[in-house]
Amino acid sequence: MISAQRIALSLALAGSAFAASIQAPNIVLPASAAANRAAVLDIFTESYAAYTKFAFGHDDLNPLSETFVDDRNGWGATIVDAMDTMHIMGLETLFLQAVNFSSTIDFSKSQTPDTVSVFETTIRYLGGLLSAYEQSNFQFPILLQKAKEVGDKLVFAWVGSNDIPFGEIVFATNTPQIATSNIAEAGTLTLEMETLTKYTGNQTYANFALKAVEHIANLPAPLPGLAAQGIDPTSGEFVGGYVTWGGGSDSYFEYLIKHARLSNTNNNLFADTWHTAVDSSIKVLKRTSTVGNHVYLADFDENTILHIGSHLACYNGGNWIMGGKMLNNQTIVDIALELVDACWNTYAGDATGIGPEAFAYISSDGNFTGGDPITPEQLAFYNKHGYYITSSDYIQRPEVLESNFYAFRATGDTKYLDRAASAVRSFNTFLKTPGGFACLNDVNNVTAPLLDAGESFWYAEVLKYLYLTFDDPNHISLDDFVFNTEAHPFIAPPAKAVYGSPNSILTPTGSFQLKQGPPLPAISPNAKLPTPIPVPPLQL
Ligand SMILES: *[C@@H]1O[C@H](CO)[C@@H](O)[C@H](O)[C@H]1NC(C)=O
Ligand SMILES: *[C@@H]1O[C@H](CO)[C@@H](O)[C@H](O)[C@H]1NC(C)=O
Ligand SMILES: *[C@@H]1O[C@H](CO)[C@@H](O)[C@H](O)[C@H]1NC(C)=O
Ligand SMILES: *[C@@H]1O[C@H](CO)[C@@H](O)[C@H](O)[C@H]1NC(C)=O
Ligand SMILES: *[C@@H]1O[C@H](CO)[C@@H](O)[C@H](O)[C@H]1NC(C)=O
């Protein structure tokens, strides 16, 4: 009726119609969603009650021994990591208690051990504090103040004119430690630091984080867009030439596209490097299993393809859905959905219905056996399921259910709800103990003893993604928030129409010959030495 308002409304609608949206419109939740959401809420409250009883104020609960461990500097990692999940789940009393606790943390020094991981502290503590500050509508400025205390310590990781931060700092003396880092540690700081900049008005934090990513993106990479895993903060050079979407590299790639979305930057380096990495992955790394036609992204080292996958790398499906939508590129979204299916398959095939830490597969060009031949048992399992288990533990990792959440929000297909419901049942059946939810030694053995460990990302990530999968799709919409790699959502500006340059596959900046460097430090205690399987020269 009032024409000015009508014009404003239609302009707003026109704007949103052209924006790159990630979520499918008009998703209707089936009636079963409410019961599943309630089941996730129960798991959260039971887990947190056990943590409160046996471990409150410490980093993590050990549920079998009903004790605690301080492996995140003793600042109460579980409380800070769980805080925004409590708010999202409507657990107001727990949330206020967590705010109270957080307001008393002494970040001037580590409680234990002396050194502080720049990466872990950024994604868990800084991310948790800032997201809780936003989720509670800026009511608790103490959360921002605590975030600033953390940020003012973390900047000591940048030494002299180095672009790449050191991996660890002794907080008590502001001394950086450990000269070798990796691209995940150096390249997963932007979302948190730019959010800290947004609320403090101090550009320093964002500038430090951004110069690390720009430096990595501009280094000659083993494959176009696919940076090597190891990096030396002092020389600024890659260490070795190992390429993976898994641990040690993973969230560098994740944050390339998420930074583009959170900042709406006009600098296309981030979205273009991400697209180049995805393009190279499709051309060089993508493999299809000989059994079941499951789609995986291989690792790559010394011109060798390694047919392995990991729980950590399984975030890639969700990340490719997000980036594919932002680039308006359905090819990428379609492959992403195949990656999501293959990762879910590593849950579906196991006796517990929960996926392993690491797995491998056979494609027409070879296999990977971790230094040992495939055992007859592994081969029999592979012939049934299209993957075989190489590290059988489950340590409350989120990535498979994270990607499943993106797939549901992007498609509205209820098969993703069924998968999430299956995981909830498995968690209740196999992880639940009197002292809280535990970890698994062997995802494929229902009688194997449990692992006496709990992780703060159980509360921050697994249970948040599961809860939101069954919640109103407009609650924490992927079009309004960008999740950090610890599942802490940050408020995003309205999306641009499209991200990246029209011809966004970057010209490779270097040769594909691997740089020779000192051997990589071990990334995962479960990693096994690759058996080289020669492949023909790459056609790029
Ligand atoms: C938080 O702390 C205030 C002040 O110490 C106290 O009044 C309040 O009861 C506490 N709230 C919770 C939920 O612990
Ligand atoms: C911004 O933060 C940096 C890093 O802590 C600090 O050195 C600098 O003094 C701050 N600038 C202002 C204007 O507060
Ligand atoms: C989408 O991305 C793929 C993979 O990089 C690329 O081959 C294709 O040309 C892109 N499509 C469009 C329309 O840009
Ligand atoms: C795995 O690869 C090795 C080396 O190429 C080959 O000898 C072996 O037959 C393969 N195993 C299977 C089960 O395909
Ligand atoms: C499963 O675990 C039980 C208990 O540790 C063990 O006795 C059994 O051999 C395991 N089964 C397999 C197939 O590994």
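How do the residues of the shell around ligand 2 divide into nonpolar, polar and charged? In this predicted model, the shell around ligand 2 divides into two nonpolar residues, two polar residues and one charged residue.

The residues that make up the surroundings of ligand 2 are Asp 152, Val 155, Asn 202, Thr 204 and Tyr 205. Two side chains of this shell approach oxygen atoms of the ligand: an N or O atom in the side chain of Asp 152 is 2.6 Å from an oxygen atom of ligand 2, and a polar side-chain atom of Asn 202 lies 2.4 Å from an oxygen atom of ligand 2. Taken alone, ligand 2 exposes 360 Å², of which the protein buries 38%.

Around ligand 4 stand Ile 362, Asn 367, Ile 374 and Leu 379, a shell that by class holds three nonpolar residues, one polar residue and no charged residues. Here an N or O atom in the side chain of Asn 367 is 2.4 Å from an oxygen atom of ligand 4, and the protein buries 37% of the 360 Å² that ligand 4 exposes when taken alone.

Ligand 5 has Asn 445, Thr 447, Ala 448 and Pro 449 around it, with two nonpolar, two polar and no charged residues in the shell. An oxygen atom of ligand 5 is 2.4 Å from an N or O atom in the side chain of Asn 445, and of the 360 Å² exposed by ligand 5 taken alone, the protein buries 29%.

The table lists the areas by ligand.

| Ligand | Area exposed alone | Part buried by the protein |
|---|---|---|
| Ligand 2 | 360 Å² | 38% |
| Ligand 4 | 360 Å² | 37% |
| Ligand 5 | 360 Å² | 29% |

Notes. Residues are numbered from 1 along each chain as its sequence is written. Chains are lettered from A and ligands numbered from 1 in the order in which they are written. This is a predicted model: local features need pLDDT of at least 70, side-chain atom pairs count only at pLDDT 80 or more; totals for chains, interfaces and linings use all residues. Side-chain values use heavy atoms; hydrogens and water are left out. A residue is near a molecule or strand if one of its heavy atoms lies within 4 Å of it. A polar contact is a pair of N or O atoms within 3.5 Å; within protein, one must be able to donate a hydrogen and the other to accept it, and residues adjacent in sequence count only if both atoms are side-chain atoms. Accessible areas come from the Shrake-Rupley method with a 1.4 Å probe; for residues, only the protein chains shown count as cover. Ala, Val, Leu, Ile, Met, Phe, Trp, Tyr, Cys and Pro count as nonpolar, Asp, Glu, Lys and Arg as charged, and the others, Gly among them, as polar.
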